[in-house]
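Thank you for making time this morning. I would like to walk you through one model, going from the individual chains to the place where they touch, and then to a few local details.

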Amino acid sequence: MSASAAVAVHSLWTTAAEPAAADRIGAPAIEYAQLAPTLIVVGAAVVGVLLEAFVPRRARYHAQVFLTVVALAAAFAAVVALAAGGHATTKAGIVAMGAIAVDGPALFLQGTILLTSLVAVFTFAERRLDPAHHGHRVDSFAAEAAAVPGSEQEKAAVKAGFTTTEVFPLVLFAVGGMLVFPAANDLLTLFIALEVFSLPLYLLCAVARRKRLMSQEAAVKYFLLGAFSSAFLLFGVALMYGYAGSVSYARIADVVDGSVSDITPALAQTMGNDVLLLIGFAMVLMGLLFKVGAVPFHMWTPDVYQGAPTPVTGFMAAATKVAAFGAMLRLLYVVLPGLRWDWRPVMWGVAIVTMLAGAIVAITQTDIKRLLAYSSIAHAGFILAGVIAATPDGVSSVLFYLGAYSFVTVGAFAVVTLVRDAGGEATHLSKWAGLGRRSPLVAAVFAVFLLAFAGIPLTSGFSGKFAVFKAAAEGGAGALVVIGVISSAIAAFFYIRVIVLMFFSEPKPEGPTVAVPSPLTMTTIAVGVAVTLALGVAPQYFLDLAGQASVFVR
Amino acid sequence: MSFPLLTVTAALPAAGAILTAAVPAARRTTAKWLALLVSLGTLVLAALVAVRFEPGGERYQLTESHAWIADFGVRYELGVDGIGVALIALTALLIPFIVLAGWHDADPYETQTKRWRPTQGFFALILMVEAMVILSFAATDVFLFYILFEAMLIPMYFLIGGFGDRAHTGTDENAAAQRSYAAVKFLLYNLVGGLIMLAAVIGLYVVAGNFSLTEIAAARASGELEMATDTERLLFLGFFFAFAVKAPLWPLHTWLPNAMGEATAPVAVLITAVVDKVGTFAMLRFCLQLFPEASKWATPAIIVLALISIVYGALLAVGQRDIKRLVAYASISHFGFIIMGIFAMTSQGQSGATLYMVNHGISTAALMLVAGFLITRRGSRLIADYGGVQKVAPVLAGTFLVGGLATLSLPGLAPFVSEFLVLVGTFARYPVAGIVATSGIVLAALYTLVLYQRTMTGPVKEEVRAMPDLKARELVVVAPLIALLLVLGVYPKPLTEIVDPAVRHTMSDVQQKDPRPEVEAAK
């Protein structure tokens, strides 16, 4: 290995450390207290794996559910304690040797992710919806994920009453990654966090109990496209390193605004070359846009949302979006504020296409999960409108929108798990006809969620939409607001179509039944409705919270 | 702090709605009585509002102001001027009749499951609409108004789509399809209007920095808040579009005949007599106050559209075969008069328009509710299915005639006063428009009298022969409305006293003076 290459590699590992310690690798300084939320969740995930190995099969479900819920609640408590201790505002700082930022947006998003996950995990643990198999209560997950669908092995696993309790540690790992993702303060941490939360999600998509082939197909699609986008992101990271000689956000930002003059010798040829920056940044952004499901990187969304077990879909739709938008905000606002005029036109285009395409394509959908998938694409477009505002108001409005949206999403997918027929969940829209006649309460609750998606006043969807549109208008993106309003009108059409089906169509005699869930799913739905209405009628407290949390540390 | 009378007036029906919805499935009658009592209680409160309101006092009275969403610059601000008082009174007055007229409209079918509680839902939704409408007449915060303007679509939508007229031709499924088509059309038209208004609301915030109607209007009047001409015009158009859909103004009117045709008669009254008034009211309150220059700029176009509404609505009413659609097109014609009165920018025109809103509410309610009783008896909405009713059910026919005569603005009945004022006010500034609009009156006579002639006179049709006359409940609904039409037709002073000062304020907002009469000017 040549000397210069060695220096380059060496400098890669030491840029974030104290300059005096550059010649030796000391023990890293880790601020355990500030990292507590992530550490609790990942620690619990490791314990969960051990439980899977050592606890007898019949006790595993209870142990895992208990562990997961306690870990998520404890992590949320840690986030609240950190925020109360001023780490969101005055004491915000960079920890873990420059790898992770603990500041307002990070803590707000971590809190949102943890609460959403906590509520979503209840639907994972639901065991009353499917009829019992061979005397064993079953949840939404395959008896033995490794068994080939339809094989003898699978039948044996079902008969033995196996359940895939591994989903709980998987969720915890995914949440761990999501917690780091919006807090990542260098590109490598960003990439690692992305992989840490993506890989468990790929797996979770594949383990549906019913319609297993579809579920596996969804997982393969998600994995292939996800791997592809990860590769883009990684390539982008490499190019950005070539540009700045560092992967740290702060350092890249310094190079972008020209306040750095010392050039890393090994990168003398490339450092400061804007072409590298623009291409690299575009690729990183591509990776993130893939995760939020923005057009034209949205192709995976409908298939994966449809194929994945519905509890997973709800969790993924809500939490992934929060984490990915958080990461995008940090990247755009911390690394590239000086380049606003380079990324803004592109993001304008993406936002416009995303809003319109999501809304228009959703009209033709006949499956409720696919419909919600396209709706989530349209919502990604609305959130992008807030991201583009590039003002503190823009940040706070996006934070608020993400919080509001994630609870509506989790709640809506929880309702989808309830409507079932002999083949499992009845997701085809025609089967929802007349639901309002047979189960007025369930239909009314779902209508509330749909109205929130449509952004009707007095629901959280309206508050959020108003916040991002206001921020966009103030940020000079009036045209974006008009297009947003138009696509809202288009989107309203298909939400209303579902309401029409539920309330104004006669029920079909062989239609699906609404399963009576355990208190677990009821809690999920109740929390979803409560948050939806609370944020619609009295959003001030949460807007304040988001407003206080809208300053990034650099 | 003074007693929050306006909030309570709106909160009572809202609370009543929740209670009514919670009544157990088997206790249907309890729900009905509860709804009726709540609507009567609201009427008492509304009367209190009217009594406490001093016509000569401050412009906005009974004001309330509370912090709500500081981040959006939104406050919970209420206050009424004379126009608001008149319309709140109209709303509170009509709802008990609507409840009473719809007493049996939402009784469950035999086949329906036990958990489905249509009756409770029907009355709860009506009360919910009442609460939102009252609050929207009292809102002096643009954002608060917008929220109510949009939110009231949802209960209306369920009222139209969920509780159709049981008198329909064709199969049940066919009727259900038509009904949900009407409901969706209603919602989409209004939602699109509302969303365009949302863009304008956000734009207004960006320009003005808050949502308080009084503050913005004061800043506009004193010249502190300058708006570029283009900005003002765009914002005006955003607001006006939403109100024109709601009102409805030609060519955005097509949802109304569908909605009124498919809904039950009381709900049709709710749409046209109560909810649509929010649109015309908002033109007076928001368009003129917030965007006076743009309003003047747009006046010629709006007058033309209003004229088209008047003539086109009346012509189509003449050609209708369905009684309820006929009333719907007549309403479109009348809304043309109201909008013309507002934008004629004369005090007679605007006073007339405000009176017109109230009188149209009462007269349409009388005509439509009696038509509803008629339709329920025969099970058909088609004019051709009737004939000679006056020989079988004279009281029904008589009340129908009075409602019809009120609709064609017969002197002596309330609508005459307002229509006359609107025409005079318009003529003073736009003589040609005034003359053309008069043709609307002629056509009104045509469609009303032809309707009466075809359904009530002539030989008694076989199917009509056994038709019972109005029952006690139905008389209780119709008699007070007719009495009111007569009283306000002869003695409209109580109403004009409340309305006139408010109109003077609005006129000064748009910096308009009444044109001097020709004779005087010639001197």
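Before I point at anything, one term is needed: a helix here is a DSSP run of H or I with at least four residues, and helices are numbered from the N terminus. In that sense B:L40 sits in helix α2 of chain B, which covers residues 28-52. Please keep in mind throughout that what you see is a predicted model.

Let me stay with B:L40 for a moment. Is this leucine buried or exposed, or does it fall in between? The cut-off for buried is 20 or more other C-beta atoms within 10 Å, and for exposed it is 12 or fewer; B:L40 has 15 C-beta neighbours inside 10 Å and therefore counts as partly exposed. To give you a sense of distance within the chain, the C-alpha atom of B:L40 is separated by 42 Å from that of B:R233, a residue 193 places away along the chain.

Now the chains as wholes, beginning with chain A, which contains 21 helices and five strands. Its C-alpha atoms fill a box of roughly 75 × 55 × 40 Å along the principal axes, and its radius of gyration is 23 Å, which agrees with the value near 24 Å that a compact globule of 554 residues would have. Of those 554 residues, 59% count as buried. If we take the contacts in chain A between residues at least 6 apart in sequence, 80% of them join residues at least 24 apart.

Chain B has 21 helices and two strands. Its radius of gyration is 22 Å, close to the 24 Å that the globule rule gives for 523 residues, so chain B is as compact as a globular protein of that length. The C-alpha trace spans about 70 × 60 × 40 Å along its principal axes, and 60% of the 523 residues count as buried. Among the contacts in chain B between residues at least 6 apart in sequence, 82% join residues at least 24 apart.

How do the two chains meet, and how many residues does each one give to the contact? Chain A contributes 29 residues and chain B contributes 33. On the chain A side, the elements that give two or more residues are α16 (435-438), α17 (440-454), α18 (460-474), α19 (478-504) and α21 (540-548). The largest share comes from α19(A), with 12 residues. By character, the chain A side divides into 20 nonpolar, four polar and five charged residues.

Turning to the interior, the largest nonpolar core has 428 residues, and those with the most contacts inside it are B:I126 and B:L369. Setting aside residues up to four places away in sequence, B:L369 touches B:F97, B:A101, B:A265, B:P266, B:V269, B:V477 and B:V478.

Next, a pair of helices in chain B. Two packed helices are described by the angle between their axes and by the distance between those axes. For α9 (residues 229-246) and α12 (residues 292-318) of chain B, the axes come within 9 Å and cross at roughly 75 degrees, and α9(B) and α12(B) are therefore roughly perpendicular to each other. From α9(B) the contact uses B:E232, B:R233, B:F236 and B:F240, and from α12(B) it uses B:E293, B:A294, B:S295, B:W297 and B:A298. Those residues divide into five nonpolar, one polar and three charged, and B:R233, on the α9(B) side, is the arginine I compared with B:L40 earlier.

Finally, some backbone details that you may wish to look at on the screen. A cis peptide bond, with omega about 5 degrees, joins A:V295 and A:P296, and A:P296 is found in the loop between α10 (274-292) and α11 (300-307) of chain A. Chain B has a cis peptide bond between B:W250 and B:P251, with omega about 0 degrees, and B:P251 is found in the loop between α9 and α10 (255-262) of that chain.

There are also positive phi values in residues that are not glycine. A:A96 has a phi of about 50 degrees; it is found in the loop between β1 (93-95) and β2 (100-102) of chain A, and it counts as buried because it has 22 C-beta neighbours inside 10 Å. For B:L62, phi is near 55 degrees; this leucine lies in strand β1 (residues 61-69) of chain B and is buried, with 22 other C-beta atoms within 10 Å.

Note on methods
Residues are numbered from 1 along each chain as its sequence is written. Chains are lettered from A and ligands numbered from 1 in the order in which they are written. This is a predicted model: local features need pLDDT of at least 70, side-chain atom pairs count only at pLDDT 80 or more; totals for chains, interfaces and linings use all residues. Two residues are in contact if their C-beta atoms, placed from the backbone, lie within 7 Å. Ala, Val, Leu, Ile, Met, Phe, Trp, Tyr, Cys and Pro count as nonpolar, Asp, Glu, Lys and Arg as charged, and the others, Gly among them, as polar. The radius of gyration is taken over C-alpha atoms; the globule rule is 2.2 Å times the number of residues to the power 0.38. Axes are lines fitted to C-alpha atoms, for helices over the stretch in contact, and angles run from 0 to 180 degrees between N-to-C directions. Angles under 35 degrees count as roughly parallel, over 145 as roughly antiparallel, 65 to 115 as roughly perpendicular and the rest as oblique. A nonpolar core is a set of buried Ala, Val, Leu, Ile, Met, Phe, Trp, Tyr and Cys residues joined through C-beta atoms within 7 Å.
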